Amino acid sequence: MEGDCLSCIKCLMFVFNFFIFLGGACLLGVGVWVLVDPTGFREIVATNPLLLTGAYVLLATGGLLFLLGFLGCCGAVRESKCLLLFCFLFILTIFLAELSAATLAFIFRENLTREFFTKELTKHYQGSNDTDVFSATWNSVMITFGCCGVNGPEDFKLASVFRLLTLDREEVPEACCRREPQSRGGVLKSREECLLGNSQFINKQGCYSVILNTFETYVYLAGALAIGLLAIELLVMIFAMCLFRGIQ
């Protein structure tokens, strides 16, 4: 009976470690995508140190889980007490790190609000000055997503540096102008009319809503995967200790 119980735990240990292996591969893929994505998300992350740190943490966690899942599977198959103990301690460390990261994300969530981005845009945006990283990033995002400002074109009426540099001659920056197709290489429909504030040639949607709608599904999916992964890690730690104590 005891042997059957250990065999069952061994199988469960292998299955759950395989899920950790797959989860690590997914996190690794998402981390790489965030850092190299050519569609503009990379620029959003690059301007916010907290988001950039989060992307690297995601990448590191994915890599560690990938390795951990592999070692856990090996430990279960070979019934190695050394590998099982290492697996338990490794998962415990990652488990605590993930809980810490979730706590920090909750604490600093105000850095991702509409008000925060609006304040930063109106305070620092310099128009078509591509030598300024902040402005160049916003230009890239607005062109890529076909949006204008955080809430809409009206944000630039309050952008003090932008108004000063353009001497109040431009209502919106060129990045807000409609293009055909809507990409960096697209042709402006009417640059002059757009800069004068003709709404027919301006992208009216704010970038906050556009980006939120674009990534909303992925955010909920990532949250569900994270919760599932934490639950699996907890079970694997329990199975690892049970198998460790059961091996003669």
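**Loops and a helix pair: worked exercises**

P181 sits in the loop between β1 (179–180) and β2 (187–188). Keep in mind that this is a predicted model.

**Exercise 1.** Look at the peptide bond that joins E180 and P181, and work out which isomer it is.

*Solution.* Start with omega, which is about -5° for this bond. That makes the link between E180 and P181 a cis peptide bond. Then place the proline: P181 belongs to the loop between β1 and β2.

**Exercise 2.** Describe how α5 and α6 pack, then classify their angle.

*Solution.* First, pick out the helices: α5 covers residues 114–124 and α6 covers residues 133–145. Their axes are 10 Å apart, at an angle of about 120°. Roughly perpendicular runs from 65 to 115 degrees and roughly antiparallel starts over 145, so α5 and α6 are oblique to each other. As for handedness, α5 passes α6 in a left-handed crossing. Finally, check who touches whom: E120, L121 and H124 from α5 meet F134, S135 and W138 from α6. Sorted by class, that contact has three nonpolar, two polar and one charged residues.

**Exercise 3.** Take L167 and D168 in the loop between α7 and β1, and go through their backbone and accessibility.

*Solution.* Begin with L167: phi is positive, about 55°, although this residue is not a glycine. Its relative accessibility is 57%, and the cut-off for exposed is over 50%, so L167 counts as exposed. Now D168: phi is near 60°, again a positive value in a residue other than glycine. With a relative accessible area of 47%, D168 is partly exposed.

Definitions and conventions:
Residues are numbered from 1 along each chain as its sequence is written. This is a predicted model: local features need pLDDT of at least 70, side-chain atom pairs count only at pLDDT 80 or more; totals for chains, interfaces and linings use all residues. Side-chain values use heavy atoms; hydrogens and water are left out. Axes are lines fitted to C-alpha atoms, for helices over the stretch in contact, and angles run from 0 to 180 degrees between N-to-C directions. Helices (H or I, at least four residues) and strands (E, at least two) are DSSP runs, numbered from the N terminus. Angles under 35 degrees count as roughly parallel, over 145 as roughly antiparallel, 65 to 115 as roughly perpendicular and the rest as oblique. A crossing is left-handed if the near helix is turned anticlockwise from the far one by less than a right angle, and right-handed if clockwise. Contact means heavy atoms within 4.5 Å. Ala, Val, Leu, Ile, Met, Phe, Trp, Tyr, Cys and Pro count as nonpolar, Asp, Glu, Lys and Arg as charged, and the others, Gly among them, as polar. Buried means under 20% relative accessible area, exposed over 50%, partly exposed in between (1.4 Å probe, protein chains only).
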